[in-house]
Amino acid sequence: MTALITGASSGIGRDIARRLGVMGIRLIISGRNVEKLEALRDEIGKRQVKIIPADISNREECIRLYMEASRYGVDILVNNAGFGLYGSFCGTDLSRELEMIDVNIASLHILTKLFLQDFVKRDKGYILNVASSAGFMPGPLMATYYSTKNYVVKLSEAIRQELISMDSNVYIGVFCPGPVDTEFNKTAGVRFALKGISSEYAAVCAVDGMFKRKAIIVPTVTMKAAVALAKIVPDTITSKVTIRMQKKKQG
């Protein structure tokens with residue numbers, strides 16, 4: 001099997017690559033930081049890993065990544081690339097938000113669609129979309145980020161139901177962790193209000209959940225409870241709780 005992983009240079013993407021590598025799966029790793037990708041390739045093994053650098057905030061780059069990766073017969077797509085931004089919607093930088101939408105939504109949409117079409121024709125394949133527990137609630141002070149993760153969750157759920165109705169063997173699932181100790185905090189300009197899990201543990205949960213064909217993969221009992229509550233509590237209440245939590249993040 002061959003897996004393509006976006007955002008593989010650090011954090012969850014890097015550790016998903018490591019986890020799949022230990023399982024003997026061939027890897028195509030992508031990201032913007034070539035030095036980090038090369039270091040990961042050297043760690044896992046040059047014969048097992050192919051690097052395709054790409055800036056997937058550019059839609060043409062997404063299509064190029066698909067075209068190049070397809071030559072190697074991709075069986076697993078892990079859409080992991082993404083980032084966040086903290087601040088009031090009035091105060092955050094528009095260009096940075098649009099870049100976030102391109103990375104968190106547009107690139108995932110493009111790659112999911114193109115690879116899904118191939119997988120459906122073959123009637124096999126795995127797609128794992130990395131979202132967040134933020135994908136189940138409104139997120140004042142991180143409004144754009146939470147909205148992008150809502151998109152990822154709902155898109156994945158909708159496609160899953162389409163595949164079920166087709167009696168397809170293709171899998172799609174969504175990974176929705178809470179806080180994870182990665183470079184996300186630095187990029188978003190926050191510190192987590194809750195203790196985060198390690199990216200290594202997150203990767204184990206994500207990969208194991210994918211191969212168990214779980215629709216929604218949520219690590220830790222605490223986050224499972226939080227997601228369950230978010231589904232039944234009205235958004236007007238959830239948003240009030242969320243903004244209090246968000247204010248604790250600013251560092």
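**Salt bridges**

I started with Arg41 and found it in a salt bridge with Asp42, the closest N and O atoms being 3.7 Å apart. The model is predicted, and I kept that in mind throughout. I then looked up the exposure of both partners. Arg41 has a relative accessible area of 22% and is partly exposed. Asp42 is also partly exposed, at 46% relative accessibility. Arg41 misses the buried class because its 22% is not under 20%.

Next I went to helix α3, which spans residues 59-70 and holds both Glu68 and Arg64. Their side chains form a salt bridge, 2.9 Å from N to O. Along the helix the two are four residues apart, about one turn. I noted a relative accessible area of 25% for Glu68, which is partly exposed. Arg64 is partly exposed as well, at 27%.

I checked helix α5 (residues 143-165) for a similar entry and recorded Lys154 and Glu157, three residues apart, about one turn of the helix. Their salt bridge has an N to O distance of 3.5 Å. Glu157 counts as partly exposed, with 30% relative accessibility.

Which residues are linked in a network of salt bridges? I listed Arg14, Asp15, Arg18 and Glu43. My count for the model is 13 salt bridges.

**Cavities**

I turned to enclosed space and counted two cavities of 30 Å³ or more.

How much space lies in the largest cavity? I wrote down about 50 Å³. Its lining includes Leu85, Phe89, Met100 and Leu141, along with Glu97 and Tyr145. I sorted the lining residues by class and got seven nonpolar, four polar and one charged. The charged entry is Glu97, because Glu counts as charged and Glu97 is in the lining. Helices α4 (94-122) and α5 each supply at least two of the lining residues. The largest share, three residues, comes from α5. That is the helix in which I had already placed Lys154 and Glu157.

The second largest cavity has a volume of about 40 Å³. Among the residues lining this cavity I noted Thr6, Ile56, Asn79, Asn80 and Ala81, and further along the chain Val103, Asn104 and Leu111. Which helix gives the largest share of this lining? I found α4, with five residues. By class, the lining of the second largest cavity has five nonpolar and five polar residues, and no charged ones.

Terms used. Residues are numbered from 1 along each chain as its sequence is written. This is a predicted model: local features need pLDDT of at least 70, side-chain atom pairs count only at pLDDT 80 or more; totals for chains, interfaces and linings use all residues. Side-chain values use heavy atoms; hydrogens and water are left out. A salt bridge is a side-chain nitrogen of Lys or Arg within 4 Å of a carboxyl oxygen of Asp or Glu. Buried means under 20% relative accessible area, exposed over 50%, partly exposed in between (1.4 Å probe, protein chains only). On a 1 Å grid over the protein atoms alone, a cavity is a set of points where a 1.4 Å probe fits but cannot get out, and a pocket is an open set with protein on both sides within 12 Å along at least five of seven lines; lining residues have an atom within 4 Å of a point. Grid points are joined across faces, edges and corners, and a volume is the space filled by probe spheres set on the points.
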